[in-house]
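Trainee: I am new to this structure. How should I read the places where its parts meet?
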4 protein chains.
Amino acid sequence: MKRIGMLTSGGDCQALNAAMRGVVKCLANSGEEIEIYGFLDGYRGLIYGNFRMLGEHDFSGILTKGGTILGSSRTPFKTIKDPDENGLDKVDAMKQNYYKLQLDCMVILGGNGTHKTANLLREEGLNIITLPKTIDNDLWGTDMTFGFQSAVDIATDCIDCIHTTASSHGRVFIVEVMGHKVGWLTLNAGMAGGADIILIPEISYDIDKVVDAIKQRHEKGKRFTILAVAEGAISKEDAKLSKKEYKKKLENYKYPSVSYEVADRISQMTGQEVRVTVPGHTQRGGSPCPYDRVFASRLGSEAGRLILEGEYGFMVGYKNREIVKVPLEDVAGKLKMLSPEASIVQEAKSLGISFGD
Amino acid sequence: MKRIGMLTSGGDCQALNAAMRGVVKCLANSGEEIEIYGFLDGYRGLIYGNFRMLGEHDFSGILTKGGTILGSSRTPFKTIKDPDENGLDKVDAMKQNYYKLQLDCMVILGGNGTHKTANLLREEGLNIITLPKTIDNDLWGTDMTFGFQSAVDIATDCIDCIHTTASSHGRVFIVEVMGHKVGWLTLNAGMAGGADIILIPEISYDIDKVVDAIKQRHEKGKRFTILAVAEGAISKEDAKLSKKEYKKKLENYKYPSVSYEVADRISQMTGQEVRVTVPGHTQRGGSPCPYDRVFASRLGSEAGRLILEGEYGFMVGYKNREIVKVPLEDVAGKLKMLSPEASIVQEAKSLGISFGD
Amino acid sequence: MKRIGMLTSGGDCQALNAAMRGVVKCLANSGEEIEIYGFLDGYRGLIYGNFRMLGEHDFSGILTKGGTILGSSRTPFKTIKDPDENGLDKVDAMKQNYYKLQLDCMVILGGNGTHKTANLLREEGLNIITLPKTIDNDLWGTDMTFGFQSAVDIATDCIDCIHTTASSHGRVFIVEVMGHKVGWLTLNAGMAGGADIILIPEISYDIDKVVDAIKQRHEKGKRFTILAVAEGAISKEDAKLSKKEYKKKLENYKYPSVSYEVADRISQMTGQEVRVTVPGHTQRGGSPCPYDRVFASRLGSEAGRLILEGEYGFMVGYKNREIVKVPLEDVAGKLKMLSPEASIVQEAKSLGISFGD
Amino acid sequence: MKRIGMLTSGGDCQALNAAMRGVVKCLANSGEEIEIYGFLDGYRGLIYGNFRMLGEHDFSGILTKGGTILGSSRTPFKTIKDPDENGLDKVDAMKQNYYKLQLDCMVILGGNGTHKTANLLREEGLNIITLPKTIDNDLWGTDMTFGFQSAVDIATDCIDCIHTTASSHGRVFIVEVMGHKVGWLTLNAGMAGGADIILIPEISYDIDKVVDAIKQRHEKGKRFTILAVAEGAISKEDAKLSKKEYKKKLENYKYPSVSYEVADRISQMTGQEVRVTVPGHTQRGGSPCPYDRVFASRLGSEAGRLILEGEYGFMVGYKNREIVKVPLEDVAGKLKMLSPEASIVQEAKSLGISFGD
């Protein structure tokens, strides 16, 4: 008999349900008797002992369903060791709930922040298995995270739609793609949507070069230019600021987001109208794409196998087309950045895409 | 032999190409010899004599293509009688180009503004046939405009995506749908997407009632609330302002758009986080939906028939499931508003949707 | 207090759940106390008293869900008055279950066959409200049925996909679209997908004219031809057969379906390879399109209103863009055929589409 | 100055245009002067000297376009060395056309058969670069082929649609997925669509075990079962036949395809109705999915780079998330089968999917 706790933490994304279904189906088909404790709304559920007992049927029919049947919330790692507003020690509370329910392990689905807390719980002696969830694809130790490809699909759809209207009207359009710290999503959606200019956090841009690229298109007789701009795109000047200075700049920012500043500067420098579209949270909603469904199911299935074998302390990841286990301590606190030298960036440049660098 | 001019004016939308293809296919299949003059970028092309000769093959394969192969631009009716920056009389220039090319008629695709100018040209003696293009579905004299259903599909997709993330996180989400003056698009996308609250220009809202609706959902145990808010949604207080006063308010507006004000007020009154998503121009991009392809093709085909019969001065519209011709003078300058008493509004209310009124 | 029975009968289609949700939401929001008895698997549930009590929450979140939460089955009208294999009088059994549960009315969702039985139950004294469900759009008394537009979307997607491969390979392709008796779906999907030839039951085809149309395209330099063929397409010779003779022909048919015969004959007469694609049941599956969601919700809402007002014996239909009530006796047993003279057919012909007639 | 020939051969698939655009954009952006000779309809164009000169603009806007702008055809490797019906030596003709046009290299996009001929041309001394195109993902030497993920998406959509109707009606449904020799596509679409049973060529099935799996679902209270069956699925008995015997069986086959035999046998053994859906050629049509657009663009870009560096005789493939060059002689004539021991198969089994083995 295995008692498994489960929670989803951080911003939700596609295929969370598919992944959990994978874990539970694997366990249920193993012959092992199991009890599933679904903690609600992320770590908060584990802290306050808020859970539902779930049966195999709760995971039936959710393969294609977006969101998470457990709910999610953000519980910043920064303050995880601080007591809550009633003085409760959150880490201690999680441990107590874990032991009180005599859990064999916790399955935790989340992104970077989630993994830091998961690793902390591991250090505290809990049996932890994690699954790499994020549309950002920025988790260290895995080639891919689920949610990413679904988000690429949605952001690309958005650029496709903008393409037709851009070509009718001959304007400059910006599509702002999610990604504060990394540019995987913007780069892939930009390439898939045929964006002409892609601005990402890893490659700071020079607005003069951006404007040059627009002008060169114009000279070639192209009526329009489309930019895919990551939420965290940064200019070369801003990149020189200290973290603190840049934060201060953003606090007094007159723009709703970075894309609007880019739009404003292009508009001033070229005299052209620039339109900004922000698909925002749609990028992590809706039914997971087939790629993510298969991928998350596979990860979930392997997580189930690790549990059956009593192997804890790992994130289930993906390396060279195989599902692998990665020690949690190696994952926690590390970002998988996109290198400006990565071959995909070079290939994008060969295709004529400007990064403004 | 028929010499046909053609132009698309105003914001582009889906199925413009399908409609033009319909006109040309109908003419080409009639046995009548034809010459097609495609004026580029809306009325501007007709004013400055900027056109391309087009053959039947130019209209082949464009049924499913978004945008317009002729390009489009906005040429405000307000200033159409004013000379351009070089002193050119624009109306006169259009007439001269029409006569110089010995056109039998102009086929003009556009929305409200476009129809005012089209009617002016008719009054000036030109043979005009128009086709009702707009995602807003606000053209007088026709039950439906092409672009509308495609835009409903895109805005609904957006709400669908938000639905999953809203249910995971239990927040209030606003999706801002296009429509400054009329609410057809927001109402239909809102109903299709299962929005809980729909705010449209025709029914001014009381923020207290909006907040009440959110609270009632909360009391029923619903974790989240989704609002579909038209760009032109207006509060009861603002609706009391004179047009001039309201315009002034918007000029000094601290929000990027009305939705953000709604979000801010809900947030202040409920203490809940409110997220705004703005699909923006995506709503008029991309491939037309099958409904619009059929509809626009039918309209185009009937426009072709009218041309063959030498019947000019009409918009080709849709009434009670039949394609009809509507005198241009009846269409120009009128908006088809959504009545707060319309049965669809009553049905929406029966479904539990709040309009904040 | 109202006690409402509900069942879905016949082949399922999109938006059945949306329609039922509409009924229940309307009733629940009216303040009237209600009890919903959901009979399972069509009339079978009513015959054998197989039902589930349903609450408002059962209808929450199903707006976008394909299929029917009640299950469905076919119960042929032909044999409804015959006793079942255990000698049970089916009509009597339905009445008994209705009265035993003290139902105020039955809400019945279905197509043509379903309406005949529904009308029979009305004649037997039961209070009946029906909703027009069918992808065929062939119900008399309503301009539109839900499921139709969703099916058009799927069949059109299919033709779109075939279009690219047809243009690469320069072959003749047939897409077989659902519709044994009527051609609405094939005609609309065919027009939306840009099919070159459309064969429907209402317009019997001459294979020589079909082949001529293919040859003419070839002579014009077109590499490929796409046919949208309804399941019930019929040649002029076969149309001359008596019903009995034609039935006999189909019994000894060497082809899986009519499309394959068309393919075979074209292939023999032109020497060209002809490929057949049969999307089949996919055409009634999947999430309803936004149009159907709105439409079915509106119909459901009005059905709820009729129940509240105690008005029974009607199908809720759609006429001239308004939701209307149509006496059941007028609907039962009648098909809404597509007239070969209908303006949409003429428009299609103007576009160059051949019907092989 | 580089003179580049280009052709697409074999069954078309998604992203062929994206890949060619990648090659041309890379070359055009390199500063090198180029001439592109597009041979029409596969090797046939090269044999008969049928080509078009193409400029960069011909490759603009085709990233999202399905099919191939060059057309394609099948030219069986088996008979490539045989003279054509007029006695023309085909290999010799290709060489002559290559030299006559003073080509620097041929870029050839295709699948297995195509690669055999491409390698033959390499052996004959031509400079060849190939790109791995096939929805089957069965090319040796690359982890992935373009077209595959797009086909997975379409086949999965199909299973999704069937899912709703299956759950309404409680039947057994078979979706026949493309793949005569390998099961990658069926396995991935089956897993993504939540199929209960997956039959693929690599794992021959025992019909008793298939029926057992259906019965077990029934006993668990599941109303329906969905099978994803590859075109080349084979029973354990048939797998024992010699290739010749099996071919003979298929020649006298009374079923349109293997799925219908599976359906028939299940139907006979369980008494349940079984429906077969065959999405067929739709699986390789339509716009490429974002994954394939990025992937094909990257491959094309690297092919361009190889050409610039004068490195010939390679297929551009994908290994461990990097674009690599693979010697053509290693690729030609080898299939990348799915091993029954592959971890993805084991994971699928853990999820409860039966392979009938």
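Mentor: Start with contact: two residues are in contact if their C-beta atoms, placed from the backbone, lie within 7 Å. Here, chain B and chain A each give 30 residues to the contact between them. This is a predicted model, in which local features need pLDDT of at least 70, side-chain atom pairs count only at pLDDT 80 or more, and totals for chains, interfaces and linings use all residues. Residues are numbered from 1 along each chain as its sequence is written, with chains lettered from A and ligands numbered from 1 in the order in which they are written.

Trainee: Which element gives the most to the side of chain B that touches chain A?

Mentor: Helices (H or I, at least four residues) and strands (E, at least two) are DSSP runs, numbered from the N terminus. On that side of chain B, H5(B) gives the most, with 11 residues.

Trainee: How do the residues of that side of chain B divide by class?

Mentor: Ala, Val, Leu, Ile, Met, Phe, Trp, Tyr, Cys and Pro count as nonpolar, Asp, Glu, Lys and Arg as charged, and the others, Gly among them, as polar. The side of chain B that touches chain A has 7 nonpolar, 19 polar and 4 charged residues.

Trainee: What is found between chain D and chain C?

Mentor: There, 30 residues of chain D are in contact with 30 residues of chain C. H5(D) gives the most to the chain D side, with 11 residues. By class, that side of chain D has 7 nonpolar, 19 polar and 4 charged residues.
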